[in-house]
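Hi,

Here is the structure I promised to pass on. Have a look at it first, and then read my notes underneath.

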Amino acid sequence: ELKNANLGSPITVNVAQDVDPLTGAIEELVSQFNEVVSSLDLVTNAETGSIGNDSRLVSFRNSIRTQLISLYGGEGQFSTLPQVGISTGAPIEGGVTQASTTLVFDRAAFTSALAENSTDLEELFRGENGIITGLETIVSNALEVGDETTGIGLFQAQRNSTDTQIGRIDDKIQQLEDRLVRRETQLRRQF
């Protein structure tokens with residue numbers, strides 16, 4: 001159309017924001033969160049989980065979940081994820097939601113919030129006290145490797161605890177083996 005425009009005549013150019021990459025990234029965040037929470041729920045299940053009701057992992061799961069469902073006191077228009085289409089339950093009849101441990105992404109609501117106020121939406125996620133900033137802190141703290149002086153993260157603490165338990169079990173095995181050797185020696189002398 002630009003080639004056919006008359007010189008000096010006004011032309012209209014429409015520019016639209018491409019929301020698909022951002023929407024896809026948020027959808028992926030929700031999907032990955034759900035995968036992490038489901039995996040943690042599976043392995044920490046007291047009855048069927050491979051590591052039982054591990055309080056550290058349950059605490060980690062609760063921390064990341066709380067981070068995503070908390071109220072953010074920023075000065076922007078958005079202060080919760082449900083306001084931008086991310087909730088802990090799927091909408092059902094009558095506008096009521098059925099709560100779950102996973103998140104549900106409403107693409108239309110997110111796109112609407114993005115169109116309405118992209119700056120405040122960004123602040124909700126990436127601001128100084130934003131959701132992503134908080135998640136980064138939680139995960140970073142959980143992965144921290146250090147010592148008692150510098151502090152240790154959740155997984156390092158778990159490893160230290162497991163190593164201590166293994167050490168105690170090894171000591172107990174050694175004590176029992178020593179006891180068996182003494183008993184064997186005693187029985188050989190006796191018979």
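**A buried asparagine, a pocket and two helix pairs**

Asn34 is buried, as its relative accessible area is 16%, and the cut-off for buried is under 20%. Before you read too much into any of this, keep in mind that the model is predicted. Asn34 sits in helix α1. Leaving out residues up to four places away in sequence, Asn34 touches Thr102 and Leu103.

Next, the largest pocket. Its volume comes out at about 170 Å³. If you want to find the pocket on screen, select Leu29, Gln32, Phe33, Val36, Phe60, Ile64, Leu68, Leu135 and Val139, which line it. Three elements give two or more residues each to that lining: α1 (20-44), α2 (55-69) and α5 (131-143). The biggest share comes from α1, with 4 residues. As for chemistry, the lining has 8 nonpolar residues and 1 polar one, with no charged residues.

Now for the helix packing. Two packed helices are described by the angle between their axes and the distance between the axes, and I have both values for two pairs here.

How do α2 and α6 run relative to each other, roughly parallel or roughly antiparallel? Helix α6 covers residues 154-190, and α2 packs with it at an angle of about 175°. Angles over 145 degrees count as roughly antiparallel, so α2 and α6 are roughly antiparallel to each other. Their axes are 10 Å apart. On the α2 side the contact is made by Arg56, Leu57 and Phe60, and on the α6 side by Leu154, Phe155, Ala157, Gln158 and Ser161. Sorted by class, the residues of this contact are 5 nonpolar, 2 polar and 1 charged. Phe60 is worth a click, since it belongs to this contact and also lines the largest pocket.

The other pair is α4 (residues 118-126) with α5. Here the axes come within 3 Å and cross at roughly 10°, which makes α4 roughly parallel to α5. From α4, the residues involved are Leu124, Phe125 and Arg126; they meet Ile131, Ile132, Thr133 and Glu136 of α5. This contact has 4 nonpolar, 1 polar and 2 charged residues. You will have met α5 already, as one of the elements that give two or more residues to the pocket lining.

That's what I have for now. Shout if anything is unclear.

Cheers

How values were computed:
Residues numbered from 1 in each chain as written. Predicted model: local features only at pLDDT ≥ 70, side-chain atom pairs only at ≥ 80, totals over all residues. Heavy atoms only, no water. 1 Å grid on protein atoms, 1.4 Å probe; cavity = no way out; pocket = protein on both sides within 12 Å on 5 of 7 lines; lining within 4 Å. Points joined across faces, edges and corners; volume = space filled by probe spheres on them. Nonpolar A, V, L, I, M, F, W, Y, C, P; charged D, E, K, R; others polar. Axes fitted to C-alpha atoms, helices over the stretch in contact; angles between N-to-C directions. Parallel < 35°, antiparallel > 145°, perpendicular 65-115°, else oblique. Contact = heavy atoms within 4.5 Å. Buried < 20%, exposed > 50% of the residue type's maximum accessible area, 1.4 Å probe, protein only.
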